[in-house]
Protein chains: 2
Amino acid sequence: MPLAFKRLLIGTPLATAQAKHERLAKIPALAIFCSDAISSVAYGPEEVRIFLALAGTAALSLSVPVAVAITLLIGVVSTSYWQTIHAYPSGGGAYTVARENLGTLPGLMAGASLLVGYVVTVAVSVAAGVAALTSAFPVLYPARVWIGISCVAFLAVVNLRGLRETARIFAVPTYWFITGIFLVMAAGAAHLWRGEPVPDFPPMDPSGLAPLTTLLVLRAFSSGCTAMTGIEAVANCVQAFKPPEAKNAGITLVWMASILGIMVMGLTYLSDAFHLVPRVGETLVSQLAGQTLGRGWLYLGVQASTMVILLLGANTCYGGFPMLSSLLAKDGYLPRQFASLGDRLVYSNGILILSGVSMMLLVAFQGDTHSLIPLYALGVFISFTLSQFGMVVRWTRLRQRHWRHHAAVNLIGALVTATVVAVVGFTRFAEGGWMVIVVIPVLVLMFYTIRRHYVAMTRQIDVYGYRPPKLGRHPVVVLVGGMNRGVIAALTYARAISPNVTALTVDLDSTSTARLQMRWDEWAPDVPLVVLDSPYRSVIQPILQYIDQMEKQRDGDYMTIILPEFVPARWWQHLLHNQTALLIKAALLFRRGKVAISIPYHLGS
Amino acid sequence: MPLAFKRLLIGTPLATAQAKHERLAKIPALAIFCSDAISSVAYGPEEVRIFLALAGTAALSLSVPVAVAITLLIGVVSTSYWQTIHAYPSGGGAYTVARENLGTLPGLMAGASLLVGYVVTVAVSVAAGVAALTSAFPVLYPARVWIGISCVAFLAVVNLRGLRETARIFAVPTYWFITGIFLVMAAGAAHLWRGEPVPDFPPMDPSGLAPLTTLLVLRAFSSGCTAMTGIEAVANCVQAFKPPEAKNAGITLVWMASILGIMVMGLTYLSDAFHLVPRVGETLVSQLAGQTLGRGWLYLGVQASTMVILLLGANTCYGGFPMLSSLLAKDGYLPRQFASLGDRLVYSNGILILSGVSMMLLVAFQGDTHSLIPLYALGVFISFTLSQFGMVVRWTRLRQRHWRHHAAVNLIGALVTATVVAVVGFTRFAEGGWMVIVVIPVLVLMFYTIRRHYVAMTRQIDVYGYRPPKLGRHPVVVLVGGMNRGVIAALTYARAISPNVTALTVDLDSTSTARLQMRWDEWAPDVPLVVLDSPYRSVIQPILQYIDQMEKQRDGDYMTIILPEFVPARWWQHLLHNQTALLIKAALLFRRGKVAISIPYHLGS
């Protein structure tokens, strides 16, 4: 990317010294780290009703007790994370907690499931955000995948620009969404309070109904639990808060959990009171806002803020994913490139991978929130479970004050989230759940393999005990295709670096070869020209054979092969030159003690 | 591709000396060069009936006079090409004939339209071949695009193996197809001769019928002319015949034209007599074979041979396309890579491009022969027209014996083929015809641009008047990230090639930098280590700035930058190392007088 364009898109670079100033106060932090959790109310309660509706409209009244259970779980899990924040003020993501308390393998499993979770969160949130838009403007429904992809691309650009600016851009809409949902709830409550009529349930075909089993209720509960996804974001990013980091993060977490619980309860109760049934093409929040606020500007405001906060929710992952992958990279489990800060104090490589994979998910699942939920719940809840079991182990190990009480809280959280994993894993295995089940072990294996390579390498490159190579009168071979300025330049360079220069050409056409030999005596009589036969018209094979032969008789540990290279003025002109030089260099790379040098000759336009 | 796998797939290399032995006798030459034309009877007559049927069953009887016109045109065009073969015994493709007689621009237009024609021929022939298969086994119809793509892939592999073997593989089925079609015609004639009953026309909805206008008949004729596509193949490849090349090629052409004419007439007459109407899902040849031979083994034999000869027809282009692109490349209008023979005496790059683009066409047009016809007729008939006008000019210029007579034959051919181009171009512009109209000028522009680059380059690299660069005590800079064996090896190499060595490191982390400086004094006290600041954490920018600064004070025309590089044992491990070296090299490539050298340090597993 040309530098000017990059600067325009992602801003001027920030100096390392500016890093401290990038820390966030609680109000913008709530906007940036809690938007994932808070935005989850846009699809969590709807998921509950989608499953209960399978058993008919009567079963829908169960949504209120299910919502109570989910709200209780929000309380348990956020208490658990509050404990984590204070135990790990330097940032206690599931990876750190599980690795420290349960061991490397569970830690890596947590890391893998978090990475998966982040990717799916982006896809789910963007899909749900686009659904908020297409609920208001059904004409856009067929374009939902493209709109989703554009949103992810937008998030990638915003995040490559850096953290604080992101928070500043997005602080307003978060509070706007919270206001909007409370407005919907207030209008709905007033409607009911005044005893105004509500519409009847739409008629349903009783023959298509499933029986109301415990499993169905469990599935509704498990899918509804996605309303609390994102709750862990604060714990992962404690260091992004202004000091005192742990205290500020903890307070932000409590705010978030309260807002979340009230919204889940309120939206569920009102959906039930207004006899709303989930349907394709319009979200539950859109239906409810339409019923309570009418289809005017207020309604459009709620839909717009829903879309924006869901994009903010997706944006949370742009904080978490690169930070986690840099943590993994620093521990040697991911390629080193992920460990380095890009030039806007963010982890650019992580941002690009996150965006790419979630775009693929949007395409594969045709931008449908409901189909993405199994992947989502598995990715997120596996890491919840591991993190909370890790905390249980920690309490029982350290035995600090009130440790039994703390351990009990984490244990309850762990058991309930494990239940969610089991139910979703079993009942929705075929609907995409298997992907997560397959991807997590594959990622863990990859982590181990990468680390093994780095460990082996560190050992191999240690300077102690190394006998430096000897060069002596090391042989230099110049590859020649014809007599031109590029060759003259290459020969000049070769003579300067070694007294032992040979030129090499392959005879593909006897006329050209004879012509070359004639001109050679005129222009480079001091360098011997070796002509190689090539009965099979291959240029590369004879050269490699000759080099391998010289290997046996060379003086010193290195041998240099010089390739004259024309550098055209325009990029497309590179396509017009034989790629032979590239192939020769690639072949030489895998032969020890060979140094390949291109001597550039720059062409005009 | 690993070499062993490549050898298994495309065979061992052939020596240049074997080239003469690859020449073809008339019988295998008919199989390989005429299969395109002969196989065209599988769709040409059907195209006529598709258009006439638009005006109802009564209009279908016009197919016989239209077929007579097409057969006459086959006579004219093949006479024209017979003249071309004798005028250009070294191979007279439309490109050569048009370029020599009409000028460069018409020549390049002919070349471009031929390239397009080859690509579309592969797509059309494969689509029609797959249609022969799915006519017999309708269950395969939904998989037709994939079957088509597999067929193209198969052809690519066969052709990468080389020419003569291709002829040997395919000689039998061509004669089998000819036999099969003659069998169908004989059985049909016998059926009619014995006065046995034929089925009635299927009923047609008269409200959907188009009026029978002259334009409709012209469209039927134009599309039916695709029955003669491929007739030029012999003229393009005269040099592939055994000596006397022109005579053998001419005789082969006459055979081909006769077989073609008989088949077009016979199939059209019988389709009419048997009241056949074209329909989606079953080809006309399949219907006719079913009616005359019954749906037994004979029928399947005809279908199989139809499919195989159509693949052979596509295969013709694998002779023509690479040969034409190598001709264009030798004249400097295409990248040089196209000019070189692969290691099986074939032009590998051309084969790969041809296959790729025709696969894309198959996907884009969903493997439907009829939709591809406009592209096809335009690509092929533009080159026919240019080639024949070229011959007219040639006769009037040379004024050899009977030149008026010869010129008249070519002129008639040129006018009729120009009519086909005009009718197809106007009436089917929207149905894909525009692609050809757009692509041909784009290709011609590309040809000119490429040649301009090569001409400019040849001038620029000429050795006369060149002042060779001076190196003197040229500066060598070793880029250092830490102290390890790779760096020691790089320093050793640097010391060997110049007395003027500096080491350069970028300070990203003060602890590591301090550690490096400490170890530096122990391991390389003779080389000065320059530490660059990087307030924006970029590694590349400070290095480039330093190098640009040194530029001003350097001694000699070159400056060498050495990058220590770890070469991992496995390919995937390359992904685990910072790609910084690659980025630095890319940046240096565009700076004059900079030589970048990677000194490899090979890692174990």
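## Exercises on a two-chain model

A rotation of 180° with 0.2 Å of shift along its axis places chain B on chain A, with an RMSD of 0.3 Å. The model is a predicted one, and the exercises below start from that superposition.

### Exercise 1: Symmetry

Task: Work out what relation the rotation of 180° and the shift of 0.2 Å describe, and find which C-alpha of chain B is nearest the axis.

Solution. Start from the general idea: two copies of a chain are related by a rotation about an axis and a shift along it. Here the rotation is 180° and the shift is 0.2 Å. That is the relation of a two-fold axis. Now look along the axis for chain B: the nearest C-alpha belongs to B:Ile497, at 2.2 Å.

### Exercise 2: The interface

Task: Describe the side of chain B that touches chain A: which elements give two or more residues to it, and how many of its residues are nonpolar, polar and charged?

Solution. Begin with the extent: 52 residues of chain B contact 53 residues of chain A. Next, list the elements of chain B that give two or more residues to this side: helix H18 (429–460), helix H19 (485–497), strand E4 (559–567) and strand E5 (594–602). H19(B) has the largest share, eight residues. Then sort by class: 32 residues are nonpolar, 14 are polar and six are charged. Finally, compare the two chains: 100% of the interface residues of chain B are also interface residues in chain A, so the copies meet through the same surface.

### Exercise 3: A helix pair in chain B

Task: Decide how helix H8 (residues 144–160) and helix H15 (residues 348–364) of chain B are oriented, parallel or antiparallel.

Solution. First take the geometry: the helices pack at an angle of about 175°, with their axes 10 Å apart. Angles over 145 degrees count as roughly antiparallel. H8(B) and H15(B) are therefore roughly antiparallel to each other. Now see what makes the contact: H8(B) contributes residues including B:Val145, B:Ile149, B:Val152 and B:Leu160, while H15(B) contributes residues including B:Ser348, B:Ile351, B:Met359 and B:Val363. By class, the contact has 12 nonpolar, five polar and no charged residues.

### Exercise 4: The nonpolar cores

Task: Find which residues of the largest nonpolar core touch the most other members, and which helix gives the most to that core.

Solution. The largest nonpolar core has 147 residues, and those touching the most other members are A:Ala123, A:Val126, A:Val234, A:Leu260 and A:Leu372. Helix H7 (residues 104–136) of chain A gives the most, with 21 residues. Take A:Leu372 as a closer case: leaving aside neighbours within four places in sequence, A:Leu372 contacts A:Val120, A:Ala123, A:Val124, A:Ala127, A:Leu361 and A:Phe365. Apart from this core lies another, of 146 residues, with B:Phe51, B:Ala112, B:Leu276 and B:Met359 among them.

### Exercise 5: Unusual backbone

Task: Locate the cis peptide bonds at A:Pro244 and B:Pro244, and say whether B:Arg399 is buried or exposed.

Solution. Keep the background in mind: most residues other than glycine have a negative phi, and most peptide bonds are trans. The bond from A:Pro243 to A:Pro244 is cis, with omega near -5°, and A:Pro244 sits in the loop between H11 (233–236) and H12 (245–273) of chain A. In chain B, the bond from B:Pro243 to B:Pro244 is cis, with omega near -5°, and B:Pro244 is in the loop between H11 and H12 of chain B.

Turn next to phi. B:Arg399 is not a glycine, yet has a positive phi of about 50°; B:Arg399 lies in the loop between H16 (369–398) and H17 (403–427) of chain B. Count its surroundings: 9 other C-beta atoms lie within 10 Å, so B:Arg399 is exposed.

Key
Residues are numbered from 1 along each chain as its sequence is written. Chains are lettered from A and ligands numbered from 1 in the order in which they are written. This is a predicted model: local features need pLDDT of at least 70, side-chain atom pairs count only at pLDDT 80 or more; totals for chains, interfaces and linings use all residues. Two residues are in contact if their C-beta atoms, placed from the backbone, lie within 7 Å. Helices (H or I, at least four residues) and strands (E, at least two) are DSSP runs, numbered from the N terminus. Ala, Val, Leu, Ile, Met, Phe, Trp, Tyr, Cys and Pro count as nonpolar, Asp, Glu, Lys and Arg as charged, and the others, Gly among them, as polar. Copies are superposed by least squares on the C-alpha atoms of residues with pLDDT of at least 70 in both. A nonpolar core is a set of buried Ala, Val, Leu, Ile, Met, Phe, Trp, Tyr and Cys residues joined through C-beta atoms within 7 Å. A residue is buried if 20 or more other C-beta atoms lie within 10 Å of its own, exposed if 12 or fewer, and partly exposed in between; C-beta atoms are placed from the backbone. Axes are lines fitted to C-alpha atoms, for helices over the stretch in contact, and angles run from 0 to 180 degrees between N-to-C directions. Angles under 35 degrees count as roughly parallel, over 145 as roughly antiparallel, 65 to 115 as roughly perpendicular and the rest as oblique.
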